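Visitor: Could you walk me through this model?
Guide: Gladly; here it is, and then we can talk it over.
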Amino acid sequence: TRSTRPQRMLKAVQKNATKGNPESVISAIDYFCKHSEWAMNVGDEKGSILDSVVTEVNPSTVLELGTYCGYSTVRIARLLSPGTKFITLEFNPANVTVARQIIAHAGLQDKVTVVEGSSGDLIPQMKERFGITTFDFIFLDHWKDRYLPDIKLFEECGLLRKGSVLLADNVICPGAPEYLEYVRNSPRYESRYYPAHLEYTTLEDGMEKSVFLG
Ligand SMILES: O=C(NC/C=C/[C@H]1O[C@@H](n2cnc3c(NCCO)ncnc32)[C@H](O)[C@@H]1O)c1cc(-c2ccc(F)cc2)cc(O)c1O
Ligand SMILES: [Mg+2]
């Protein structure tokens, strides 16, 4: 049967990227998406914003929602200090399989744990299953209508501390209006919008960085 786009992306990484070289994995995926098939990776322009926020926060604990093929997982993991606890959640088992292979090709398999399951089920398990008290940095890039319920879940589960940073992709395209309204109007967050473009296109998109104030 016909391969899937994530499988074709993995093949492109295995063919064109150097094993153990995260930068070459990132470049191979961006090349694939620009010249072969568009895919919903955060991409190079928004990826640079992600890089700068991760570098600024220099987190000890990181959570990503929506691994997909592992592109942003590789971008984040390559910047983390040794000993950082990084967990990424993905509920599609086929995507988990591809992501684990792309992360391994980059040589970053020891830096991140890819957990199969849905955020709604897994977020409440973070403390007991992974020994996490709070997250320093959270990257939201899963279904856009789940951003708001999941940030509320973080609050309910006591997973945020004063200064925790949440970065949300696609707040314009496809858009996360209820999430934006919440973080921009809640006295518990200090929010800032980073304008950019939808990955690999000229369409408007952007990322929202929100700092939890406690
Ligand atoms: O839809 C987009 N991303 C979704 C990501 C989904 C991935 O994350 C996984 N996932 C989803 N919900 C959960 C969940 N929890 C929630 C359910 O319980 N828990 C765990 N994993 C979850 C899926 O299995 C996928 O692997 C998007 C679209 C465009 C786009 C823009 C313009 C266009 F024209 C077309 C597309 C651009 C982007 O950058 C985008 O990120
Ligand atoms: Mg996205």
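The talk below turns to a metal site, a helix, the cysteines and a loop residue.

Visitor: What should I know about the conventions?
Guide: This is a predicted model, in which local features need pLDDT of at least 70 and side-chain atom pairs count only at pLDDT 80 or more, while totals for chains, interfaces and linings use all residues. Residues are numbered from 1 along each chain as its sequence is written, chains are lettered from A and ligands numbered from 1 in the order in which they are written, and side-chain values use heavy atoms, with hydrogens and water left out.

Visitor: Which residues are the protein donors of the magnesium ion (ligand 2)?
Guide: They are Asp 141 (OD), Asp 169 (OD) and Asn 170 (OD1), at 2.0 to 2.2 Å from the ion, and their spacing in sequence is D-x27-D-N. Donors here are N, O and S atoms within 2.8 Å of the metal (3.2 Å for Na, K and Ca), and water is not among the atoms, so sites may look incomplete.

Visitor: Are Asp 169 and Asn 170 buried or exposed?
Guide: Both are buried, where buried means under 20% relative accessible area, exposed over 50% and partly exposed in between, with a 1.4 Å probe and protein chains only.

Visitor: Switching to α5, what caps its N-terminal end?
Guide: Asn 92 does, with a side-chain oxygen 2.8 Å from the backbone nitrogen of Ala 94. Helices (H or I, at least four residues) and strands (E, at least two) are DSSP runs, numbered from the N terminus. Just after α5, Gly 107 has a positive phi of about 80°.

Visitor: Which elements do the buried residues of α5 pack against?
Guide: Those residues, among them Val 96, Ala 99 and Ile 103, pack against α1 (5-16), α2 (22-35), α4 (71-77), β2 (85-90) and β3 (113-116).

Visitor: How many disulfides are there?
Guide: The count is zero, a disulfide being a pair of cysteine sulfur atoms within 2.5 Å.

Visitor: Why does Cys 33 form no bond with Cys 69?
Guide: Because the sulfur of Cys 33 lies 8.3 Å from that of Cys 69, the closest cysteine sulfur, which is too far for a bond. Cys 33 is buried, with a relative accessible area of 5%, whereas Cys 157 is partly exposed at 22%.

Visitor: And where is Leu 160?
Guide: Leu 160 sits in the loop between α8 (147-156) and β5 (165-168), and counts as buried at 11% relative accessibility. Leaving aside neighbours within four places in sequence, its contacts (heavy atoms within 4.5 Å) include Thr 134, Ile 138, Tyr 189 and Phe 212.

How values were computed:
Polar contact = N/O pair within 3.5 Å; in protein donor to acceptor, adjacent residues only side chain to side chain.
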